[in-house]
Amino acid sequence: MSTQNNASGTTGALTDAGITPDKKTFLQSLTEDWWAVILGTIIIATVLYLTNSGTTITLPAYKWATSEDLFGKILSGQNLLLILETGAIFLALASIAIGLSGGNVARFAAGFSLIYFLAIISFIIGGNKNVSYFGLEYVVFALLIGILLGNVIKLPDWLKEAVRSEFYIKTGLVILGTTILSADLIKAGLPGIVQAVIVVTAVWFFSLWLSRRLKVDDEFGVILASAVSICGVSAAIVAAGAINGDKRKLSYVTTLVLIMAIPMMIIQPWAVRYFHIPEVIGGAWLGGTLDTTATVTAAGDLVGPIAVKAGVIAKFSQNVFIGVAAFFIAIWWAYKKPKGEAGEVLPKAKSPGLKIVWERFPKFVLGFVAASLVFSFLLSPATAKSVAPTLNGLRTVWFAIAFISIGMEAKFSSLVKLQGGRPAFTFVTAQIFNIFWTLLWSYILFGGYLFPVPDFK
């Protein structure tokens, strides 16, 4: 990352480092949630300051189509220098948190450098035009690289020091809050808002109900339900962070989301054309079921320009629910799953009060919501739009590093055997319900039955 001036454990510390609780300083006692909020705030504030002062922030490029692009653009000296600069800034920020928490900065720096290098490899593979056409994003390759490395070799101590997936995810999520804008709800209009409320609510509770029927644990069920009902990988990450979920389960759900997205991107546009579904309805259907704005746009392109606009707007309105879901899931989970010191579930009579709930509440959610509120109501739309590409680029770096780490921590055998395949069956069944439920409401809300047909021409 370069700048050029133009004239115009949720409750545990990052590391204990052998320090007994009564000897910890204030900084050493800060949880990784608070460090995620601190680093996320520093990044957001810095980008805002530099942009408002007329400084252009240049991030590395990773999109390429031909070998000439790869060697002349991605692997050019200038782009490699940007990659190194970005890595150095991320390492410096993370090392501050690790060092002030009492961690071993030297070992962390060595491990982080390797993980960052692997994350860059995942960006380059996922940046290929042919690969991205099939909906395969950097997340897939980051997970696969991490799983391969974590299952082939025994991780050395210096590398383990840097495998801190939750810390990286939560920092990225604070930055993600800047993209969740209330203004997007206004763009969606009443049909988009109503569809988002009905679809997200019904699909989330159906998914959780199905998980319980199939004896999938609630932790898994919450991550699955959030991924299916809201927006795939991002929602799964948020839900897992809100409940301090098992990283193996997050990895499992992420893999399911990405695998399921590929046939959906192909079959759904075909169905819109084959069954002569009106383009605006088809677009709203794609936006309500596919998991990212990129996949919605790609699938919408196969239908028509109106489908693209309707799909993106429908997706925006669903994305706003990430913050709402994170907040309520965190509160619900803190009350529903009170733990004793040994990890046992406490009797109902001993359920925690507000003080204990606050202690267990994932603080990164506050940073996420605060970022969303600031960018929605305190900054001008022009300012929010001007910094969005830079913040999105920085956020994906944190996520890529996180998924490399998740892969390293996950044993492939456990992913394959996890709960006997029931979570996968739950996910696929819930996604099928989501597809038909969303299609029904797309017809009702965008077909002129309750509201005028939106004019996206």
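The following legends describe close-up views of a predicted model of one protein chain.

**Figure 1. Overall view of the predicted protein chain.** The chain contains 22 helices and 2 strands. Of its 457 residues, 53% are buried. The accessible surface amounts to about 20,100 Å², and carbon and sulfur atoms account for 68% of that area.

**Figure 2. Confidence along the chain, with two stretches of pLDDT below 50.** The average pLDDT of the protein chain is 82, and 83% of the residues score at least 70. Residues 7-13 have a pLDDT below 50; in the model, this stretch makes 22 contacts beyond near neighbours in sequence. Residues 15-21 likewise have a pLDDT below 50, and this second stretch makes 11 contacts beyond near neighbours in sequence. Where pLDDT is low, predicted coordinates should not be read in detail.

**Figure 3. Packing of helix α5 against helix α20.** Helix α5 spans residues 105-126, and helix α20 spans residues 381-409. The two axes lie 9 Å apart and form an angle of about 110°. Because angles of 65 to 115 degrees count as roughly perpendicular, α5 and α20 are described as roughly perpendicular to each other. Helix α5 contributes F112, I115, Y116, L118, A119, S122 and F123 to the contact. From helix α20, the participating residues are T396, V397, A400, I401, I404, S405 and M408. Classified by residue type, this contact comprises 11 nonpolar and 3 polar residues, with no charged residues.

**Figure 4. Surroundings of S405 in helix α20.** S405 is one of the α20 residues that take part in the contact with α5. The relative accessibility of S405 is 0%, so this residue counts as buried; the cut-off for that class is under 20%. Apart from neighbours within four places in sequence, S405 is in contact with I115, A162, V163, R164, S165 and Y168. Among these partners, I115 belongs to the set of α5 residues that meet α20.

**Figure 5. V324 in helix α17 and its separation from V369.** Helix α17 covers residues 321-336 and includes V324. V324 has a relative accessibility of 41% and therefore counts as partly exposed, a class that lies between the 20% limit for buried and the 50% limit for exposed residues. V324 and V369 are 45 residues apart along the chain. In the model, 8.3 Å separates the C-alpha atoms of V324 and V369.

Key: Residues are numbered from 1 along each chain as its sequence is written. This is a predicted model: local features need pLDDT of at least 70, side-chain atom pairs count only at pLDDT 80 or more; totals for chains, interfaces and linings use all residues. Side-chain values use heavy atoms; hydrogens and water are left out. Axes are lines fitted to C-alpha atoms, for helices over the stretch in contact, and angles run from 0 to 180 degrees between N-to-C directions. Helices (H or I, at least four residues) and strands (E, at least two) are DSSP runs, numbered from the N terminus. Angles under 35 degrees count as roughly parallel, over 145 as roughly antiparallel, 65 to 115 as roughly perpendicular and the rest as oblique. Contact means heavy atoms within 4.5 Å. Ala, Val, Leu, Ile, Met, Phe, Trp, Tyr, Cys and Pro count as nonpolar, Asp, Glu, Lys and Arg as charged, and the others, Gly among them, as polar. Buried means under 20% relative accessible area, exposed over 50%, partly exposed in between (1.4 Å probe, protein chains only). Accessible areas come from the Shrake-Rupley method with a 1.4 Å probe; for residues, only the protein chains shown count as cover. pLDDT is the predictor's confidence in each residue, from 0 to 100.
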